[in-house]
Amino acid sequence: MAKYSKEEEAFLKQIGERIRYFRYKINLSQEKLATFANLHPTYISSVERGERNIAVINLQKIAKALKISLTELVDLEKE
């Protein structure tokens, strides 16, 4: 993983947790989410663990696959 500050690492983990939360909410496996988002399952896994600085376009793909808005996905105030 690239060198990030503690704050940046915490942010990446929060995003990953939000993705996992919405994925669980609709009872979707990482593999199915990856298929629906046209991404690799290991990518989804590393994003959920907060190990990747996910690209905005991939966030959009994941939100669409989860059938939520990008705004809802990244709204960390709702935690």
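This section describes the helices, the nonpolar core, the salt bridges and a surface patch of a predicted model.

The largest nonpolar core of the model comprises 20 residues, and those with the most contacts inside it are Ile19, Leu33, Ile54, Ile62, Leu66 and Leu73. Helices α1, α2, α3 and α4 each contribute at least two residues to this core, and α4 gives the most, with 5 residues. In soluble globular proteins, nonpolar side chains tend to be buried together.

Helix α4 spans residues 56-66, and its buried residues are Asn58, Leu59, Ile62, Ala63, Ala65 and Leu66. These residues lie on the same side of α4, because the arc that they cover around the axis is only 160 degrees. The buried residues of α4 pack against α1, α2, α3 and α5, the last of these being formed by residues 70-74. The face of α4 turned away from this buried side carries Val56 and Lys64, both of which are exposed. Among the buried residues of α4 is Asn58, which is assigned to this class because its relative accessibility is 13%, below the cut-off of 20% for a buried residue. When neighbours within four places in sequence are left aside, the contacts of Asn58 are with Leu39 and Tyr43.

Helix α2, formed by residues 30-37, has Gln30, Leu33, Ala34 and Ala37 as its buried residues. The arc covered by these residues around the axis is only 100 degrees, so they are placed on the same side of α2, whereas Thr35 and Phe36, on the other side of the helix, are exposed. The cover over the buried residues of α2 includes α1 (6-25), α3 (41-48) and α4. Leu33, which is buried in α2 and is listed with the residues that have the most contacts inside the core, is in contact with Ile19, Arg23, Leu28, Ile44, Ile62, Ala65 and Leu66, again leaving aside neighbours within four places in sequence.

The residues that follow these two helices have positive phi values. Asn38, which follows α2, has a positive phi near 60 degrees, and Lys67, just after α4, takes a positive phi of about 60 degrees. In the loop between α4 and α5 lies Ile68, which counts as buried because its relative accessibility is 17%. Not counting residues up to four places away in sequence, Ile68 touches Phe22, Ala63 and Leu73. Ile68 and Phe22 are 46 residues apart in sequence, while their C-alpha atoms are 8.6 Å apart in space.

The structure holds 3 salt bridges. Side chains of opposite charge can pair when their charged atoms come close. Glu48 forms a salt bridge with Arg20, at an N to O distance of 3.4 Å; this pair links distant parts of the chain, with Glu48 in helix α3 and Arg20 in helix α1, 28 residues apart. Glu48 also meets Arg23 in a salt bridge, at an N to O distance of 2.6 Å, and this pair likewise links distant parts of the chain, with Glu48 in α3 and Arg23 in α1, 25 residues apart. Arg20, Arg23 and Glu48 are thus linked in a network of salt bridges. Within this network, Glu48 is buried, with a relative accessible area of 2%, and Arg23 is buried as well, whereas Arg20, with a relative accessible area of 23%, is partly exposed. A further salt bridge joins the side chains of Glu51 and Arg49, at an N to O distance of 2.7 Å. Glu51 counts as partly exposed at 37% relative accessibility, and Arg49 is also partly exposed, at 39%.

On the surface, Val56, Leu70 and Val74 form a nonpolar patch, with about 220 Å² of accessible area together. Val56, which is placed in helix α4, is classed as exposed because its relative accessible area is 59%, above the cut-off of 50% for an exposed residue. Helix α4 therefore carries Val56 on the face turned away from its buried side, while the buried residues of this helix lie on the same side of α4.

Notes: Residues are numbered from 1 along each chain as its sequence is written. This is a predicted model: local features need pLDDT of at least 70, side-chain atom pairs count only at pLDDT 80 or more; totals for chains, interfaces and linings use all residues. Side-chain values use heavy atoms; hydrogens and water are left out. Patches are made of residues with over 30% relative accessible area and no salt bridge: like charges are joined within 9 Å, nonpolar side chains (Val, Leu, Ile, Met, Phe, Trp, Tyr) within 5 Å. Accessible areas come from the Shrake-Rupley method with a 1.4 Å probe; for residues, only the protein chains shown count as cover. A salt bridge is a side-chain nitrogen of Lys or Arg within 4 Å of a carboxyl oxygen of Asp or Glu. Helices (H or I, at least four residues) and strands (E, at least two) are DSSP runs, numbered from the N terminus. Buried means under 20% relative accessible area, exposed over 50%, partly exposed in between (1.4 Å probe, protein chains only). The arc is that of the directions from the helix axis to the C-beta atoms. Contact means heavy atoms within 4.5 Å. A nonpolar core is a set of buried Ala, Val, Leu, Ile, Met, Phe, Trp, Tyr and Cys residues joined through side-chain atoms within 4.5 Å.
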